[in-house]
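Biologist: Could you take me through how to read strand pairing and nonpolar cores in a model of this kind?

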Amino acid sequence: MDSMADIKQTFFQECDDLLGELESGLLDMEGGDGDSETVAAIFRAVHSIKGGAGAFGLDNLVAFAHIFETTLDEVRADRLEATPDVLSVLLRSSDVLADLVRAAQNDEELGEEVTTGLVEELSAFVGEKAGAPDEAAAAGGEDISFAPLGTAIDLDDVFGDLDSVEESQRFIIKFRPMPELYANANETVLLMRNLAAMGEVNVACDESQIPTLDVLDPEGAYLSWTITVQTSNSEAELLEIFEFVEDDCTLEIKSEELPDDTIEPELADDETIPAEEEASHTDVEGGKDGVTSGDNTADKDNVVSLAEKKEKPTATAQASKEKDTSDATIRVNLGRIDRLVNLVGELVINQAMLTQGVFDAGLERGDSVEAGLEELKQLTREIQDSVMAIRAQPVKALFQRMSRIVREAARATEKSVHLVMEGEMTEVDKTVVERLADPLTHMIRNAVDHGLETSETRIANGKPAEGTVSLTAAHRSGRVVIEVCDDGAGINRERVRSIAIEKGLISEEDKLSDSDIDNLLFMPGFSTVSKVSNLSGRGVGMDVVKRAIQAVGGKISISSQPGKGSTFSISLPLTLAILDGMVVDVAEQTLVVPLTAIVETLKPMPSDIHDLGAGAKVISIRGEFIPIIDAGISMGYRTEPTDPLTGVVLSVETEDGARAAVIVDSIQDQRQVVIKSLEENYGHVDSVAAATILGDGRIALILDVDSIIDRGGSAVSFHENSLAATG
Amino acid sequence: MSREDIKSEDGRIILTSVLDLRAAAPLTDELLALRGNDLVIDASKVERIGAPCFQVLLSAVKTWAVAGHTIAIFDESSAFSEAAAHLGVCLSQPETIENETCH
């Protein structure tokens, strides 16, 4: 059985979800998208947090949640209009509520000053209604059954065993929602879940009123339920579950005292009761309690037992235990998953070595060993995918943290800012998500502080007074791209250039392209702000952001348009462990080129190669001219370029669509390789993304195609003078 | 959020992750557009689903059965299965119901 600490932990996990819902609901309202459903949902979120907090005696949290909830109730009842001022207070309240939850989680006490100001502001909205939370709520009594959702199940799981079996009662609940129930953001699933937490539940759903799709009102209410609950809770406690919906449904609860030994022994079986048998069981109960069989006739096949495996046939067997076995979520120590990831990495290396060994043994094609090896490869890949999926997390939680950063930054700079988020469900490796928080925070602050102009300047420039910062995430060619975009003034390149000269980073004679100037922002020690603002100027420059991104195998780029704004783009690998690569030879060295970057491979014809200007070469691929880059020169393996006609051309493409033809000497193989970070073990090296261990035990470098292309134009093409024209 | 997540191609729908009341109307429209063909519904991405969307799915099952086409829901996420169990709904088509185990 869960210890109390575990249950509390579950409560906090649920708080995370609820706080997320609260914040996104408030943001919807702020954006004008909020309807009565949104208001009801955020009210429920705060109410649920309050209820759970009451159960754990977190009085500070209960007290603040109470006044917050009271205010939301006023908004819900249309007695308080959700003006921008009101919403601003509500959003700040949600931030403070999150702080209080966090503090409670860490067993910390926050000073009263954290809440005092807001409590006064909230009280001003609700007038005399702002009393102390009622005793029942503070003691958790009023809310436990309804509010803490999943937590209530766990609490009952704990306390259920203490209940004496002789108190057990059977109730028959007939429940028919009206459309208003759903319109008010209530959900039958949650009601049923809370009922299930009370004891052993049999649910019979009447689907007979469901019409065909062409006449269905998607927001109508066609389903009704007859629920048999075997519980030690009282009828009043059952009624509390329906507290918020009693006006929006027809509800009938009838009780029947049952001696313990009347509990059907088959409920103790591991197997789910066969549908027919169970249906008749419900009919019998219905007959006893006067439930008309008409309600149930349509449901015979649909009677479902939530009874679950029981160690012993106690009357208070909890449906929540069923949840334990059917719910796919379990919490696993991250260290164990990391170990698994490492082991899978080793497995991939080992499999590569085995493949090499088999190859060296000179077995015939079609040998059973080879077939077995192929299967092993497939299995390894499946294991790897599954392990990676365990670690994948949506960036939603990270993004939601950023909305708070925007609010705080906007308040500190007295700017009006609207945050737009897209692609929150995009999944990234957990490690990457965690390590992105700091750099992203810094970038968001920068966007608000430095990127956006003041409202006055914006209006003077014909822009809306409110600035927009957008935060987007998307999958793009095997990587995840996260962009922070503002519609501010764009980078003042003259100023950046003069500061760089002033700081000795460049000389006055240096001719820099716009993009080169933008990239000066990433140079160590560069800061465009002369006075340290308390917002973004915390001694952390964009160079630190860049290093943090590089440390997780990512890249950061910048683009800016004067007067229109700037976009910082972070490109991240999907996983930090394994990639599909093409193993190639270059100047007797072995390199790996990520498969995601390769568009095609080809052997060029003399007529395909053309000279371009000062010795640079391009290759014509189906009428398109693509610059040629010699990998050997780029990597410093040789100084004399190889003849493109003797090598193999890899047509590669970066995430931003730039293409190049990388020449290598030959292609060895295409296989999965385990990524061993250079940043972690050595340091960042231009043109090299990481290293790997090959099947024969040798180390090979993994090419950073983007970096090669970036450097290619200047470093490689212009050094190819010595190569005579061949085409 | 939910609208754009629903994708359909040749009688196949991938259910969006959040199927709350707001998702019910778009889901209905999506399903209506696919009438006349057999349909498979991928429920693997579902993280939250409420009674209104179950009503839509049950209605689709009925509609498809009346038209003599098959409809199949596969790869149910645990959230989907759990919600269906709590509500006691069964999404098998009537003619196959005795062979299916609803849970």
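**Strand pairing and cores**

Modeller: Let us start with one pair of residues: A:H610 has A:V618 in β17(A) as its bridge partner. Please keep in mind throughout that this is a predicted model.

Biologist: How many bridges join β16(A) to strand β17 of chain A, and do they run parallel or antiparallel?

Modeller: As a general idea, strands of a sheet pair through backbone hydrogen bonds, and the pairing is either parallel or antiparallel. Here β16(A) and β17(A), the latter covering residues 616–621, run antiparallel and are joined by four bridges; within β17(A), A:A616 stands opposite A:L612.

Biologist: Which strand of chain A do four bridges join to β17(A)?

Modeller: That is β18 of chain A, residues 624–630, which runs antiparallel to β17(A), and A:I626 in β18(A) is the bridge partner of A:I619. The two strands β17(A) and β18(A) form a hairpin with two residues between them, and in the turn A:R622 has a positive phi of about 45 degrees.

Biologist: What is the order of the strands in the open sheet of six?

Modeller: The order in chain A is β15-β19-β20-β18-β17-β16, with mixed pairing. At the edges are β15 (598–602) and β16 (609–612) of chain A, each of which pairs on one side only, and from one strand to the next the twist averages 35 degrees.

Biologist: Turning to cores, which residues have the most contacts inside the largest nonpolar core?

Modeller: The general tendency is that, in soluble globular proteins, nonpolar side chains are buried together. In this model the largest nonpolar core has 63 residues, and those with the most contacts inside it are A:L195, B:C53, B:F54 and B:L87. Helix α2 of chain B, residues 51–67, gives the most to this core, with nine residues. Leaving aside residues up to four places away in sequence, B:C53 touches B:L19, B:A23, B:A24 and B:L27. A second, separate core has 42 residues, including A:F399, A:L436, A:L471 and A:V496.

Biologist: How many of the residues of helix α9 of chain A are buried?

Modeller: Nine of the eleven residues in α9(A), which spans 188–198, are buried, so that the helix is mostly covered. Among them are A:L191, A:L195 and A:M198, together with A:R193 and A:N194.

Technical notes
Residues numbered from 1 in each chain as written. Chains lettered and ligands numbered in written order. Predicted model: local features only at pLDDT ≥ 70, side-chain atom pairs only at ≥ 80, totals over all residues. Buried ≥ 20, exposed ≤ 12 C-beta atoms within 10 Å, placed from the backbone. Pairing = 2+ DSSP bridges. Axes fitted to C-alpha atoms, helices over the stretch in contact; angles between N-to-C directions. Core = buried A, V, L, I, M, F, W, Y, C linked by C-beta atoms within 7 Å. Contact = placed C-beta atoms within 7 Å.
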